Each structure stands twice: as structure tokens, then as C-alpha cells.
Amino acid sequence: MSKIKGLVGTYAPSKGIYSFIFDTVKEKFIESNVYYETRDAKYISYDHERLAFPIQEEFAGVCVMKDGQVYKAGKEGCTACYVTQDEHYIYTTNYHEGTLIRYRFENDQLVEDKKVEIKEHAGAHQAILTKSYVYVPCRLLDRVYVYDRDTLEFKRVISFPEHTGIRHGVVSYDEHILYMISEDSCEVFALDLNANGAIVKKISLLEDNEKGGGAAIRLSHDEKRLYVSIREVNRIYVVDTENFNVLQVLSSGGDHPRDINLSLDDHYLFATNRNSGNLVAFSINENGLLEEKDNINTIPEGVSIVCYE
């Protein structure tokens with residue numbers, strides 16, 4: 001593909017969701033615009049030809065755009081920090097309220113289907129979907145809560161050491177391994193989901209005298225590489241999934257790399273640096289290593305990135 005299209009969700013007081021186009025021949029950004037103006041559209045999800053994201057209007061809730069229509073639902077006290085979706089449902093997690101909420105369409109309306117109250121101020125940071133379960137990392141509890149995918153009934157807890165601050169994860173395509181990044185300890189974990197989430201591999205990304213904040217984690221389509229962003233030190237790490245060693249460390253190209261994401265063909269990685277308000281493009285070579293190609297400073301308060309066709 002000669003052009004990559006993407007969207008970036010942002011914190012208020014930024015304008016909402018931004019779009020960008022990256023030219024892979026020139027290896028330059030050629031377009032950046034406000035795509036949808038709203039307040040606090042932080043984490044965005046694009047799947048099944050639907051765009052879903054949190055909003056803050058009279059109440060905090062979720063917005064879904066599909067088939068040229070805009071649907072809204074929810075009465076939360078503050079905006080969700082994460083949104084994902086499958087064919088039938090849209091899921092949100094709320095960091096401060098400690099909830100997992102599932103929405104569905106009914107009679108051409110978006111309605112709340114089920115709400116799970118984990119614990120107030122749990123730091124619920126993500127909803128990771130597998131065929132059988134939903135995994136919810138709760139940073140402030142150092143735990144991952146596991147729920148039945150169909151019923152959202154509680155199943156078990158995966159515990160981490162105190163002050164780990166477990167944050168985000170990504171599942172291998174056979175759903176055997178869950179890779180996770182911790183915010184407070186800046187460690188990457190590999191969990192065996194066939195053994196109730198037992199930790200089978202772990203690596204610390206920072207030196208003893210360094211402080212950082214683990215942010216995003218992505219898995220290459222061939223499952224050979226993990227890409228991880230760490231704030232404060234403002235770096236991106238490339239980790240080999242087989243030997244669990246760091247292959248490359250480089251600057252994120254800005255301040256506070258809140259999210260990174262891969263292009264659909266795995267030839268590029270994009271990083272949104274929240275504090276410096278810039279979006280950076282990196283090429284990925286045959287060994288999975290990164291090289292910075294272009295940088296634009298037209299997207300302030302960036303939180304999340306999706307690429308789409």
C-alpha cells in the first residue's frame with residue numbers, strides 16, 4: 001500500500017479525533033486534520049467498519065460511528081480510558097470508577113448491555129478479549145481480573161507483585177500467551193493462559209537508577225517481536241518474544257509516548273507523544289528494527305492510534 005490511513009484519539013483540551021495519511025513512497029506524512037470534534041475522545045477502536053470512542057458531554061459515555069450514523073450511550077461520572085469491540089458488543093473500562101461496561105445495539109439504538117463493578121479506583125485500564133474470557137488489568141490493584149466472555153461472570157484473578165502497576169496486554173494469535181507491560185515497574189511479562197496466567201517470562205526494561213512509566217505494547221503479526229513504549233525516559237523498545245531479550249532501544253521522537261501502533265502490513269510503527277503533541281513514523285526492517293522517518297506536531301494530547309484501510 002502506498003498510503004497508510006490512521007486516526008488518533010486525544011485528551012481534552014485537544015479537539016477530539018484526528019486523522020492522518022502517511023505516504024510510504026515518500027515516507028512522509030502528507031495530511032493531518034481534525035476528523036471528529038468532541039471532548040476527551042481518548043482511546044479509540046476501529047473494527048467491523050465501526051469507530052468507537054469515549055466522550056464527555058452531559059454524561060461520560062461511549063460513541064459509535066457506523067454506516068454514516070452516530071450513536072451515543074452511557075452515564076458514567078468520568079470518561080472511560082479504554083474502548084474495544086467485537087462483532088456484537090462494544091466494551092469500555094473506566095480507570096477511576098473501576099468498571100467494565102458492555103454495550104450493544106438494540107432496535108437501532110446503542111444501549112448498555114451489562115456493567116461489572118470491579119472496585120472503585122481500581123485503575124481498570126484495558127479489556128483484552130479472547131474466545132472464552134475478558135481480561136481486565138487493574139493497575140492500582142496489581143491484578144488482572146478474568147471474566148467469562150459471554151456472561152461477564154467473574155472467574156479468577158491473576159496477581160502481580162505490589163507496585164507492578166500492570167497496565168496493557170496483547171494476546172498471541174493462538175491465545176496461549178498473554179504479553180503484558182507494567183506501568184510502575186516497566187516490566188514485560190509473558191503469561192501462560194493455559195496455566196491460569198502463570199508468568200513464564202519476564203524482563204525489566206529500565207536500569208536500576210532509571211524511572212519511567214510503561215505505556216503501550218504491540219505484537220508483530222509474525223509474533224516474533226514486541227514493541228513497547230516507556231514514558232519519562234521517552235523510549236520505544238523492541239523485544240524478541242522467543243528469547244525475551246531487548247533487540248533495540250530508541251527515542252520515541254517526543255515527550256510522553258502514550259501509544260504506539262503498527263501499520264496493517266507491519267512495515268511501519270507510529271508513536272503519539274502526548275506532551276510534545278507530535279506523531280512520529282518509524283519504518284520496520286526485515287529484522288523488526290525501527291528507523292525514524294517523519295514527525296509532525298499537529299496532534300496535541302495524543303492518547304491512542306489506529307490504522308485502517
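This is a short dialogue on how to read a predicted model, feature by feature.

Me: Happy to start with the strands. What is the general idea behind pairing in a sheet?

Reply: Strands of a sheet pair through backbone hydrogen bonds, and the arrangement is either parallel or antiparallel. Here, β1 and β2 are a good place to begin: seven bridges link them in the antiparallel sense. These two strands make a hairpin, with five residues between them.

Me: Which strand pairs with β2 over eight bridges?

Reply: That is β3, residues 28-37, which runs antiparallel to β2, residues 16-23. A second hairpin arises there, with four residues between β2 and β3.

Me: How do I follow the register from residue to residue? Which residues stand opposite Ile21, in β3 and in β1?

Reply: Look for bridge partners. In β3, Ile21 faces Glu31, and Lys5 has Ile21 as its bridge partner in β2. Another pair to check is Phe20, whose bridge partner in β3 is Ser32.

Me: Is β2 mostly buried or exposed?

Reply: Buried residues are those under 20% relative accessible area. Eight of the eight residues of β2 are buried, so β2 is largely enclosed by the rest of the structure.

Me: And what should I look for in the loops beside β2?

Reply: Backbone torsions are a good start. The loop between β1 and β2 holds Pro13, and the peptide bond joining Ala12 to Pro13 is cis, with omega about 15°. In the loop between β2 and β3 you find Glu27. Phi of Glu27 is near 55°, which is a positive value in a residue other than glycine. Glu27 counts as partly exposed, at 21% relative accessibility.

Me: Where else does a residue other than glycine have a positive phi, this time near 70°?

Reply: At Glu232, where phi is near 70°. Glu232 sits in the loop between β21 and β22 (235-240), and with a relative accessible area of 57% this residue is exposed.

Me: Let me try a sheet with several strands. In what order do β12, β13, β14 and β15 come?

Reply: Read the order straight across: β12-β13-β14-β15, an open sheet of four strands with antiparallel pairing. β12 and β15 (154-159) stand at the edges with a single partner strand each, so one side of each has no neighbour in the sheet. Inside that order, six bridges join β13 (residues 133-138) to β14 (residues 143-148). One position to display is Val136, which stands opposite Tyr145 in β14.

Me: Now a single polar residue. How do I read the surroundings of Thr79?

Reply: Ask where the residue sits, how accessible it is, and what its side chain reaches. Thr79 belongs to the loop between β7 (69-76) and β8, and its relative accessible area of 6% makes it buried. Its side chain makes polar contacts with the side chain of Asp40, at 2.8 Å, and with the side chain of Lys42, at 3.0 Å. Beyond residues up to four places away in sequence, Thr79 also touches Pro54, Ile55, Gln56, Ala60 and Asn94.

Me: Can we repeat that for Ser229? What does its side chain reach?

Reply: A polar atom of the Ser229 side chain lies 3.1 Å from the backbone oxygen of Pro257. Ser229 is in strand β21 (residues 225-231) and counts as buried, at 0% relative accessibility. Leaving aside neighbours within four places in sequence, its contacts include Gly213, Gly214, Arg235 and Ile260.

Me: Last topic, pockets. What is the volume of the largest pocket, and which residues are closest to its centre?

Reply: The volume of the largest pocket is about 1,300 Å³. Of the 44 lining residues, Asp47, Tyr82, Thr84, Val170 and Arg218 are the closest to the centre.

Me: How is the lining divided by class, and which strands supply it?

Reply: By class there are 22 nonpolar, 13 polar and nine charged residues in the lining. Strands that each supply at least two residues include β4 (45-47), β8 (82-85), β16 (166-171) and β20 (213-219). β12, the edge strand we met in the open sheet, is also among those supplying at least two lining residues.

Terms used
Residues numbered from 1 in each chain as written. Predicted model: local features only at pLDDT ≥ 70, side-chain atom pairs only at ≥ 80, totals over all residues. Heavy atoms only, no water. 1 Å grid on protein atoms, 1.4 Å probe; cavity = no way out; pocket = protein on both sides within 12 Å on 5 of 7 lines; lining within 4 Å. Points joined across faces, edges and corners; volume = space filled by probe spheres on them. Nonpolar A, V, L, I, M, F, W, Y, C, P; charged D, E, K, R; others polar. Pairing = 2+ DSSP bridges. Buried < 20%, exposed > 50% of the residue type's maximum accessible area, 1.4 Å probe, protein only. Polar contact = N/O pair within 3.5 Å; in protein donor to acceptor, adjacent residues only side chain to side chain. Contact = heavy atoms within 4.5 Å.
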